[in-house]
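Trainee: I have a model open and would like to learn how to read it. Can you walk me through a few features?

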Amino acid sequence: MNHKSKLPNVGTSIFTVMSALANEHNALNLSQGFPNFKSDQTLIDLVTNAMNSGYNQYAPMAGNLELRVAITNKFEKLYNTTYHPDYEITVTAGATQAIFTIISTFVKPNDEVIIFNPAYDCYGPAIELHGGKTISVQLEAPFYKVDWEEVSQKITSKTKMIIINTPHNPSGTIFSKDDMLKLETLLKGTNIILLSDEVYEHIIFDTEKHQSACLFPDLKSRSFIVASFGKTFHNTGWKLGYCCAPKELMDEFKKVHQFNVFCVNHPTQKGLADYLQEANHYLELSEFYQRKRDLFLNLIKDSRFKFIPAQGTYFQGLDYSNITMENDVDFAKHLTIEHKIASIPLSIFNTGNLDKKILRFCFAKTDETLKAAAEILNKV
């Protein structure tokens with residue numbers, strides 16, 4: 001018997017490869033995007049209290065109502081816009097499940113979905129699984145600015161969806177207000193759905209403002225906004241996120257969501273609902289991570305790596321073209337094995353594995369880890 005999946009050419013992800021290599025060679029792991037410090041004990045206690053208070057059975061399909069109300073309040077506070085907690089918010093098993101379910105719900109065979117490369121690696125396979133065709137727009141290093149004329153040329157009668165990600169993983173760049181206005185103009189009068197991956201919305205630097213799709217009326221009317229509590233509150237292992245959309249879109253999403261996971265971890269939802277009552281728990285994140293970015297970059301400023309400071313996320317791209325012209329996958333492995341520091345090669349996320357000699361490092365680490373990493377990089 002020779003049974004193949006619907007993704008026969010997908011191998012082990014680069015994240016798994018680099019983390020395994022880091023473990024094998026006892027290297028500092030700045031590859032995968034997770035913090036190596038503890039989540040807030042207050043949040044852990046609130047989740048524990050929820051378990052002890054009986055929140056241990058199924059949550060409502062759309063999520064714990066208190067949490068959905070807290071999300072509604074957050075959008076009103078930050079963006080002066082509203083999503084109805086009963087009809088327009090669904091809590092999910094992380095952002096990736098939300099993204100997969102959105103694509104599952106709407107993308108049919110031969111539909112086209114435009115994505116921007118370098119792109120987070122869950123988009124393309126989900127599109128392929130459902131018979132869709134990924135249409136790539138390659139962003140050019142080091143600034144990764146969108147050529148909206150190129151996007152316009154790639155929109156066809158088959159375009160079902162466009163996926164954006166801001167702040168952007170893996171480049172650490174952000175979409176400007178002008179970018180969002182141009183996107184809004186492009187989509188006006190079409191039936192195209194926008195999937196706006198905003199999992200790093202609270203991690204944005206240098207007094208810049210997050211340009212959420214919900215701030216632009218026509219975009220909001222056609223958008224799913226996807227968010228992640230794991231990215232926000234340093235607990236990626238909890239796998240809890242949510243998405244927001246107008247009722248007519250969310251109604252369709254729920255038809256698929258109910259047969260996928262139905263609902264997600266209830267005590268964690270209750271704990272987060274209580275934790276979100278204090279807005280500073282997310283409002284202080286930008287300052288927290290900017291200090292880490294600045295520490296890391298200041299420590300390596302005299303190294304042979306070149307960089308443009310990340311505008312958002314907790315990822316920093318480093319250009320190593322002054323060091324070697326070795327391809328980025330090989331150089332990332334070389335750094336891990338020989339120098340004991342693991343990163344992610346950006347070509348993995350690019351159209352045709354385009355290699356621009358850039359590695360992605362995660363700075364969601366303790367100051368001690370960042371200092372140790374900088375000491376290694378300065379010797380390369």
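Mentor: Sure. One term to begin with: contact means heavy atoms within 4.5 Å. Keep in mind, too, that this is a predicted model.

Trainee: Okay, let's use that on helices. Which residues in α2 meet α11?

Mentor: From α2 there are Thr-42, Leu-43, Leu-46, Val-47, Ala-50 and Met-51. Their contacts in α11 include Pro-267, Gly-271, Leu-272 and Tyr-275. The helices themselves cover residues 41–52 for α2 and residues 266–275 for α11.

Trainee: What is the angle between α2 and α11, and how far apart are their axes?

Mentor: The angle is about 130°, and the axes lie 8 Å apart. Angles over 145 degrees would count as roughly antiparallel, and 65 to 115 as roughly perpendicular, so α2 and α11 are oblique to each other. As for handedness, α2 passes α11 in a right-handed crossing.

Trainee: On to strands. What should I look for in the side chains?

Mentor: In a regular strand, side chains alternate between the two faces of the sheet. Take β8, residues 241–244: Gly-241 and Cys-243 point one way, Tyr-242 and Cys-244 the other, and all are buried.

Trainee: Which strands does β8 pair with?

Mentor: As a general idea, strands of a sheet pair through backbone hydrogen bonds, either parallel or antiparallel. Here β2 (residues 89–92) runs antiparallel to β8, joined by 4 bridges, with Val-91 partnered by Tyr-242. Strand β7 (residues 223–228) is also antiparallel to β8, again through 4 bridges, and Ser-228 stands opposite Gly-241.

Trainee: I see cysteines in β8. How many disulfides does the structure hold?

Mentor: It holds 0 disulfides. Cys-214 is in none, and the nearest cysteine sulfur, that of Cys-244, is 8.2 Å away.

Trainee: Why is Cys-243 not bonded to Cys-244?

Mentor: Check the distance against the cut-off: a disulfide needs the sulfur atoms within 2.5 Å. The sulfur of Cys-243 is 6.9 Å from that of Cys-244, so the pair is too far apart for a bond.

Trainee: Are Cys-214 and Cys-243 buried or exposed?

Mentor: Buried means under 20% relative accessible area. Cys-214 is buried at 4%, and Cys-243 is buried at 0%.

Trainee: One more sheet, then. What is the strand order in the open sheet of 3 strands?

Mentor: The order is β9-β12-β11, with antiparallel pairing. The edge strands, β9 (315–319) and β11 (344–345), each pair on one side only. Between β9 and β12 (residues 358–362) there are 5 bridges, and Gly-317 has Arg-360 in β12 as its bridge partner.

Definitions and conventions. Residues are numbered from 1 along each chain as its sequence is written. This is a predicted model: local features need pLDDT of at least 70, side-chain atom pairs count only at pLDDT 80 or more; totals for chains, interfaces and linings use all residues. Side-chain values use heavy atoms; hydrogens and water are left out. Buried means under 20% relative accessible area, exposed over 50%, partly exposed in between (1.4 Å probe, protein chains only). Helices (H or I, at least four residues) and strands (E, at least two) are DSSP runs, numbered from the N terminus. Two strands pair if DSSP finds at least two bridges between them. Axes are lines fitted to C-alpha atoms, for helices over the stretch in contact, and angles run from 0 to 180 degrees between N-to-C directions. Angles under 35 degrees count as roughly parallel, over 145 as roughly antiparallel, 65 to 115 as roughly perpendicular and the rest as oblique. A crossing is left-handed if the near helix is turned anticlockwise from the far one by less than a right angle, and right-handed if clockwise.
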